[in-house]
Number of protein chains: 2
Amino acid sequence: MEKFQVHILGCGSALPTRHHLPSSQVVSLRGKLFMVDCGEGTQLQCRKSHLKFANLNHIFLSHLHGDHCFGLVGLISTFGLQGRTSDLHVYGPVGLKAAMQPQLDFFCQGIPYTVVMHEVSTKQSEVVFADRSVSVTTIPLKHRVPCCGYLFREAQSLPHIKRDMIDYLKIPHYAINNIKEGEGWTTEDGKFFAHERLVTPAEPARAYAYLSDTIYLPENAKLVKGVDLLFHESTFLDKDKTRAKQTFHSTAKQAAEFAKQADAKSLMLGHYSSRYDDDQLFLEEAKSVFDNAILANEGLVVEV
Amino acid sequence: MEKFQVHILGCGSALPTRHHLPSSQVVSLRGKLFMVDCGEGTQLQCRKSHLKFANLNHIFLSHLHGDHCFGLVGLISTFGLQGRTSDLHVYGPVGLKAAMQPQLDFFCQGIPYTVVMHEVSTKQSEVVFADRSVSVTTIPLKHRVPCCGYLFREAQSLPHIKRDMIDYLKIPHYAINNIKEGEGWTTEDGKFFAHERLVTPAEPARAYAYLSDTIYLPENAKLVKGVDLLFHESTFLDKDKTRAKQTFHSTAKQAAEFAKQADAKSLMLGHYSSRYDDDQLFLEEAKSVFDNAILANEGLVVEV
């Protein structure tokens, strides 16, 4: 199976601390990098993670609060200094252009590449990017400003050819692709072999959902049903659930309840409020509801 | 003597590396903090240095290149989240408002304090701030965009009273301040004691100059004559002096020559280009011209 990883660059919330940086992650799939959120310091975290900027062409912002986007203009500027020439696509809620264009106009005049900004819907789920390897779909979230999550689903791989059958039936090389795509094979003496006899099924396509920042929204569970890895913000603990609701955030317990309803295979917590000293409290709370949970942490790389 | 320190938060140049962060320093004098430049990640470095944000009311930007100011909006935003109420004064070249106001308008609506922006002259030296403790004067620099350095000079302390003379002459408490300010004393029997016999001189006022980014400008030496500590950018080594000139930067050798001409007591190098692997090369080059040189480094605290 090809690599499908999530690199955690920052998983704190609005107030950066000595333990956590503001939000940023990089999804790495089949050699391509997709950034989700870009808080202050993201470019430095990228370097520490030895991620190759050249493989990053798409950045997805959940919303336009500073702790999710203050690193963007620095990153764009650095790409310019490095002589980047390929387009950079930035996706984010309505307001993206109003927030970013003045900064680009002032600080990034004359960079040798184009920044293409895409304002996406935060009201309904829509596919905002797709290529041969992956599709990226927005998940509507509810926060104090327009906000969406992103679902990364790898493209379904073709099934594996059964090499021994191919050799036995002397199937020529040119026919292999058609068989992978679903056809069967008829031998010279007219015997038909169904597609299913010639292949073994491909691994199921994997998916990663990033949901931050948001109030607890159980109705979203169906949109990320069966996801292999779910990142759900857990800014607060259950004892502060009133504060969570007031500020349009979630608790660790709510993140776990969401994971359960979504039938997620695993849950990653993050976006921790600076008010708590011990991240383990988030984990304990989540595990009481959904056992397969882990804590995001700067430098962590998770296999989807 | 009261503390007069420079905290190095970042001393790299435009491209951040795993070794150096973009430019920022904090000058600490008599309990007050003055920030010079504010590259991306500055607020995190402040926290690491245990500097108290509440004591920071003045930020001086040398110029409006991203590696000197991309941390500002994040810092301003964080102050807002922390409930700051006192004014924050930001000084910088013409363009400061055009560069920063759109970001404040978008990201810092409703912060509970006022950001006062002061555009300063980069053509001539002028006092831009002064209180009982310190004055801050611009030093015109030559870079690709309007740019100035800043000279921090502590206010001259009053001389020390000679306690034994005071006791011997039975000088009353109420007269002490006048004597410190320059008066003498006449005893009841009409004998006059001159000011100089009643006091020992105060320590000379100390000064720190921050000069970055700039081409080598020996004519500026007179403006920082005799400074206790001089920070002079040394983006390049002498072997790349042509490149230094082209990009309006200096070499370590030029920084040292400047320090010599300015009769600086000590020199601190910084703003190292990411092209060099070993900072010691800057130090060796500078020391061949001016011996009392040190290297800036993140986390370093220098007594002026």
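The domain assignment, which is automatic or from a database, splits chain A into domain 1, residues 4-157 + 206-303, and domain 2, residues 160-200. The centres of these two domains of chain A, taken over C-alpha atoms, are 43 Å apart.

Some housekeeping. This is a predicted model, where local features need pLDDT of at least 70, side-chain atom pairs count only at pLDDT 80 or more, and totals for chains, interfaces and linings use all residues. Residues are numbered from 1 along each chain as its sequence is written, while chains are lettered from A and ligands numbered from 1 in the order in which they are written.

Next, the interface. On chain B, 24 residues are in contact with 24 residues of chain A; contact means that the C-beta atoms, placed from the backbone, lie within 7 Å. On the side of chain B that touches chain A, α1 (42-48), α3 (72-81) and α4 (96-107) of chain B each supply at least two residues. Helices here are DSSP runs of H or I with at least four residues, strands are runs of E with at least two, and both are numbered from the N terminus. The largest share, six residues, is from α4(B). By class, this side of chain B has twelve nonpolar, eight polar and four charged residues. Nonpolar covers Ala, Val, Leu, Ile, Met, Phe, Trp, Tyr, Cys and Pro, charged covers Asp, Glu, Lys and Arg, and the others, Gly among them, are polar.

How are the two copies related? A turn of 180 degrees and a shift of 0.0 Å along the axis lay chain B on chain A with an RMSD of 0.1 Å. The copies are therefore related as by a two-fold rotation axis. Superposition is by least squares on the C-alpha atoms of residues with pLDDT of at least 70 in both. Of the residues of chain B, B:Gly41 comes closest to that axis, at 2.7 Å (C-alpha). The copies meet through the same surface, because 100% of the interface residues of chain B are also interface residues in chain A.

Last, the backbone. Most residues other than glycine have a negative phi, and most peptide bonds are trans. Here a cis peptide bond joins A:Ser212 and A:Asp213, with omega about -5 degrees. A:Asp213 sits in the loop between β14 (207-211) and β15 (229-233) of chain A. In chain B, the bond from B:Ser212 to B:Asp213 is cis, with omega near -5 degrees. B:His50, not a glycine, has a positive phi of about 55 degrees, and lies in the loop between α1 and β4 (56-60) of chain B.

Definitions and conventions
Contact = placed C-beta atoms within 7 Å.
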